[in-house]
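Here is a set of questions on one protein chain. Have the sequence and the coordinates open as you read.

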Amino acid sequence: MSEMRNSFKLLASLFILSATCVKSQTRAGLPSATAEPKENLAIIAITSAEVSPDQIEQFIGRLASDLAETQKFNLMSKDETMRLLDEAKLQAADCYSVHCLSEAAKILGVQKVLQGNLVRRGKLFRGFVKIVDPVSTSIAFSKSWEFSGE
């Protein structure tokens, strides 16, 4: 379990580092000199058939913590996210398409939504995460990783 926790920490850290680097660069690829305002972001769902719910929750918690530490996002709470999606009768676990995720962002009143998937094959894990921009109805950022763990 400790190796799994470290693998999730590594995955979450790689994602945060990648997202932060992409967001903080200018067109020339140099760090931006101006501070950008925080964007409101909701984690819609991290799904998996092969990873336990506890491991998924652990990953989401670490991901949320790392996103908050970047000070680039205001994270909507999981309870508020689920409450608003339930009221709108939108099932987060069934929301994968850019169109559905854009609709979820509009319902939640956030600038970005994050959705992902974890797959386990023996000791090998593959993680995929995407951030969707509801205004352009496009994927603003996506990343996949492979890592090993127990």
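Q: In which helix is H99 found?
A: This is a predicted model, and every value below is computed from it. Residue H99 sits within a helix, and that helix is α4.

Q: Is H99 buried or exposed?
A: The relative accessibility of H99 is 55%. Exposed means over 50%. H99 therefore counts as exposed.

Q: What distance separates the C-alpha atoms of H99 and T137?
A: Along the chain, H99 and T137 are 38 residues apart. In space, their C-alpha atoms are separated by 6.4 Å.

Q: Which pattern does the protein chain follow along the sequence?
A: The chain has four helices and five strands. Of its 150 residues, 39% are buried. Read along the sequence, the pattern is α-β-α-β-α-α-β-β-β.

Q: How many residues of β1 are buried?
A: Strand β1 covers residues 39-47 and is mostly covered. Buried means under 20% relative accessible area. Of the nine residues in β1, the number buried is eight.

Q: Which residue of β2 is the bridge partner of L41?
A: Strand β2 spans residues 73-75. It pairs with β1 in the parallel sense, over three bridges. The bridge partner of L41 in β2 is L75.

Q: What is the handedness of the β-α-β unit made by β1, α2 and β2?
A: Helix α2 takes up residues 53-69. β1 and β2 are parallel partners. Together with α2 they make a β-α-β unit that is right-handed.

Q: Which residue in β3 stands opposite I46?
A: Strand β3 holds residues 112-121. β1 and β3 run parallel, joined by six bridges. Opposite I46 in β3 stands G116.

Q: Which residue in β4 stands opposite G116?
A: β3 also pairs with β4, residues 124-133. That pairing is antiparallel and has nine bridges. G116, which stands opposite I46 of β1, has as its opposite number in β4 the residue V129.

Q: Which residue takes a positive phi in the hairpin of β3 and β4?
A: The hairpin has two residues between its strands. The positive phi there is near 65 degrees. The residue that takes it is G122.

Q: In which loop does Q71 lie?
A: Q71 has a positive phi of about 60 degrees, although it is not a glycine. Q71 counts as exposed, because its relative accessibility is 57%. Its loop is the one between α2 and β2.

Q: What is the relative accessible area of K89?
A: K89 is another residue that is not a glycine but has a positive phi, of about 60 degrees. It lies in the loop between α3 and α4. K89 is exposed, and its relative accessible area is 73%.

Q: Which two residues does the disulfide join?
A: A disulfide is a covalent bond between the sulfur atoms of two cysteines. The structure holds one. Its S to S distance is 2.2 Å, and the residues joined are C95 and C100.

Q: Is the link of C95 and C100 left-handed or right-handed?
A: Both C95 and C100 are buried. The angle about the S-S bond is -125 degrees. The link is left-handed.

Q: Which residues lie closest to the centre of the largest pocket?
A: The volume of the largest pocket is about 280 Å³. Its lining has 19 residues. Those closest to the centre are I43, I44, I60, K78 and M82.

Q: Which element gives the most residues to the lining of the largest pocket?
A: β1, α2 and α3 (78-87) each supply at least two lining residues. The largest contribution is seven residues, and it comes from β1.

Q: How many charged residues are in the lining of the largest pocket?
A: The nonpolar class has 14 residues. The polar class has three. The number of charged residues is two.

Conventions:
Residues are numbered from 1 along each chain as its sequence is written. This is a predicted model: local features need pLDDT of at least 70, side-chain atom pairs count only at pLDDT 80 or more; totals for chains, interfaces and linings use all residues. Side-chain values use heavy atoms; hydrogens and water are left out. Buried means under 20% relative accessible area, exposed over 50%, partly exposed in between (1.4 Å probe, protein chains only). Two strands pair if DSSP finds at least two bridges between them. A crossover is right-handed if, with the strands pointing away from the viewer, the path from the first strand over the helix to the second runs clockwise. A disulfide is a pair of cysteine sulfur atoms within 2.5 Å. On a 1 Å grid over the protein atoms alone, a cavity is a set of points where a 1.4 Å probe fits but cannot get out, and a pocket is an open set with protein on both sides within 12 Å along at least five of seven lines; lining residues have an atom within 4 Å of a point. Grid points are joined across faces, edges and corners, and a volume is the space filled by probe spheres set on the points. Ala, Val, Leu, Ile, Met, Phe, Trp, Tyr, Cys and Pro count as nonpolar, Asp, Glu, Lys and Arg as charged, and the others, Gly among them, as polar.
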